[in-house]
Amino acid sequence: NIEDLDEDGLVDMYDNSCTTPADSTSTQYATGVQSNRNFNNTNRAIDGDLTTYASKNSNSGEIVFDFGQQIPSGTELTIHFVNNSASNTGVQIIQSNSSGDSVTNSQNATLPPNMDSDVLYVITNPLRYLRIDAYTGAMGIYAVSYGGTGSEDCSGTGLIPINTTGSGNAD
């Protein structure tokens, strides 16, 4: 297999420092719900199915999503909401810890009545947990998603001595 995924001139099987960006086209989702108050069917918000959602009635509620790993700062999350109320519904999105405590980067959003809405949220510090506070009004969350992040190791066994000049010597 003669590939040079990091495009440094060395075939990957002989390149001991090959890394490539992760597939940024793949969509990732929150993988668990750490805690929940007044949301029903929370498994629907982590299954990646954008036709079903975790719902809450008109009472206020809170849900803490777990991504199963640290997501780097600068990553853009999309929270897929539905507002089932005849009026606007407010939500607050907050980077949190596993206990649901507010850590940083609070963002408010208003969901228009009787429709689906996507809210974009940019992570300012690496996070694993995200809390969403939902105020009065019947609403739901389809999912929290983000593009693939990180890098993939494509390294092979390095040439010893490393020689990319083709001159036959290792200087």
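**Salt bridges in the predicted model**

The structure holds three salt bridges, a salt bridge being a side-chain nitrogen of Lys or Arg within 4 Å of a carboxyl oxygen of Asp or Glu. The model is predicted, so that local features need pLDDT of at least 70 and side-chain atom pairs count only at pLDDT 80 or more, while totals for chains, interfaces and linings use all residues. Residues are numbered from 1 along each chain as its sequence is written, and side-chain values use heavy atoms, with hydrogens and water left out.

One salt bridge joins the side chains of Glu 62 and Arg 131, at 3.9 Å from N to O. Because Glu 62 lies in strand 5 (residues 61–71) and Arg 131 in strand 10 (residues 127–134), this pair ties together parts that are 69 residues apart in sequence; strands (E, at least two residues) are DSSP runs, numbered from the N terminus. Glu 62 counts as partly exposed at 22% relative accessibility, whereas Arg 131, at 12%, counts as buried; buried means under 20% relative accessible area, exposed over 50%, and partly exposed in between, with a 1.4 Å probe and protein chains only.

Arg 131 also meets the side chain of Asp 133 in a salt bridge of 3.0 Å, N to O, and Asp 133 is buried, with a relative accessible area of 11%. Glu 62, Arg 131 and Asp 133 are thus linked in a network of salt bridges.

A further salt bridge is formed by Arg 128 and Asp 66, whose closest N and O atoms are 2.8 Å apart. This pair links distant parts of the chain, with Arg 128 in strand 10 and Asp 66 in strand 5, 62 residues apart. Arg 128 counts as partly exposed at 32% relative accessibility, while Asp 66 is buried, with a relative accessible area of 10%.

Definitions and conventions. Helices (H or I, at least four residues) and strands (E, at least two) are DSSP runs, numbered from the N terminus.
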